[in-house]
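I opened this entry to record what I looked up in the structure, beginning with the overall fold and ending with a single residue.

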Amino acid sequence: LNPWDVMLCVSGTAIACENALVVAIICYSPALRTPMFVLVGSLATADLLAGLGLILNFVFQYVIRSETVSLLTVGFLVASFAASVSSLLAITVDRYLSLYNALTYYSERTVLCIHTMLAGAWGVSLCLGLLPVLGWNCLHDRAACSVVRPLTKSNVTLLSASFFLIFLIMLHLYIEICKIVCRHAHQIALQQHFLTASHYVATKKGVSTLAIILGTFGASWLPFAIYCVVGDPEYPSVYTYATLLPATYNSMINPIIYAYRNQEIQRSMWVLFCGCFQAKVSFRSRSPSDV
C-alpha cells in the first residue's frame, strides 16, 4: 500500500463523516431552509461527495483495477471538488449581496439568484467531471498526461485556470466586504461621535475571519493548482501527493468554518443528538454576513 493513498483515504473518511453530519442537520431542521443554509448545504454535499470519491478511488485502485473505473472515479472527484470550490464562491457572493443590498436581500429575487448560482455551479462542475469520461484523458497517449493521471495537461490547465479565476473573484469580493464593514463602523462612529470598544472588536473580528477564510482556501488549493501548471509528469509522484493532500484538507475545514461555528446549527445538533431543546425551538434569523 502506498502510504500517500492511505492518507488520502483517511482524509476522505474524515471529510465524509464531517459533512454527512452537516447535511443531516440541515435536512433534519426545517428552520435551516433559508437561502444561506441552502448554500452551506450545497458546500457540505459537494465535500461529502469529494470524501466518498477519495474512498472509492482508494478501493478501486487496490481492489478493482480498471481503466473505465479509474476514469469514473477521477471524473467523480473532479466534479465534487469543482462543486465545492464553486459553492465557496456562491457563499462569498451571497455574503457580499447581504451587505451591499441589505434592504432587498430578503426578497424572492435573492432566492432566485441563489438557486440560479447553485444550478450553474453544479452544472459546470458536472461538465468538468464528465470531460475525462468523454475522452479528454491520456490513457492512449502517455505523452499528453499531466501530473494527475489520467487527466491531460490541457485538462488540468483548464481546471487550474478556473481555480485562479475563482480565487481572484473571491479575493476581490472579500476586499469589498471589508470596505463595507469598515464603512459601517465609520458611520457608527460618526453617529455616536466615537467608535465603541464593542464595535471595534466586532469589526476587527469580522475582518480577521474573512482573512482566515480566504487564507485557508488559498493555502489549501494554491500549491496544487500551481503544481498542476508547472509540474511535469516525469517528476516523482510524491510531489503530486504532497500538494493534493493539503487541498483535501480544505473540505475538512469547511464544515468547521461555515457550519459548526453557526449557533443555529449548534442548537440543531443538540436537538438531533441530545434532545436538550424542544423540536420547535425558535431560531434567530441571521444574515450571511454574521456567519
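I took helices and strands as DSSP runs, a helix having at least four residues and a strand at least two, and numbered them from the N terminus. On that basis I read the chain as α-α-α-α-α-α-α-α along the sequence. The tally is 8 helices and 0 strands. I note that the model is predicted.

**Entry: the chain as a whole**

I looked up burial and found that 45% of the 291 residues in the chain are buried. I then turned to contacts between residues at least 6 apart in sequence, and of these, 74% join residues at least 24 apart.

**Entry: nonpolar cores**

Which residues have the most contacts inside the largest nonpolar core? I listed Phe-163, Met-170, Tyr-174, Phe-217, Trp-221 and Tyr-258, in a core of 46 residues. At least two residues of this core come from each of α2 (35-62), α3 (67-100), α4 (108-133), α5 (153-192), α6 (197-230) and α7 (237-260). I recorded α3 as the source of the largest share, with 12 residues. Another core lies apart from this one; it has 14 residues, including Val-22, Ala-44, Leu-48 and Ile-265.

I followed Tyr-174 further, setting aside neighbours within four places in sequence. Its contacts are Thr-92, Arg-95, Leu-210, Ile-213, Leu-214 and Tyr-258.

**Entry: α2 against α4**

At what angle do α2 and α4 pack? I noted about 15 degrees, with the two axes 10 Å apart. Angles under 35 degrees count as roughly parallel, and α2 and α4 are therefore roughly parallel to each other. I entered their crossing as right-handed.

For the residues that meet, I wrote down Pro-35, Val-38, Leu-39, Ser-42, Thr-45, Ala-46 and Leu-49 on the α2 side. On the α4 side they are Val-111, Ile-114, Leu-118 and Trp-122. Sorted by class, this contact of α2 with α4 has 9 nonpolar residues, 2 polar residues and no charged ones.

**Entry: Ser-125**

My last item was Ser-125, which I located in helix α4. Is Ser-125 buried or exposed? The cut-off for buried is under 20% relative accessible area; Ser-125 has 1%, so I entered this residue as buried. Leaving out neighbours within four places in sequence, I found Ser-125 in contact with Ala-79, Ala-82, Ala-83 and Ser-86.

Terms used
Residues numbered from 1 in each chain as written. Predicted model: local features only at pLDDT ≥ 70, side-chain atom pairs only at ≥ 80, totals over all residues. Heavy atoms only, no water. Core = buried A, V, L, I, M, F, W, Y, C linked by side-chain atoms within 4.5 Å. Buried < 20%, exposed > 50% of the residue type's maximum accessible area, 1.4 Å probe, protein only. Contact = heavy atoms within 4.5 Å. Axes fitted to C-alpha atoms, helices over the stretch in contact; angles between N-to-C directions. Parallel < 35°, antiparallel > 145°, perpendicular 65-115°, else oblique. Left-handed = near helix turned anticlockwise from the far one by under 90°. Nonpolar A, V, L, I, M, F, W, Y, C, P; charged D, E, K, R; others polar.
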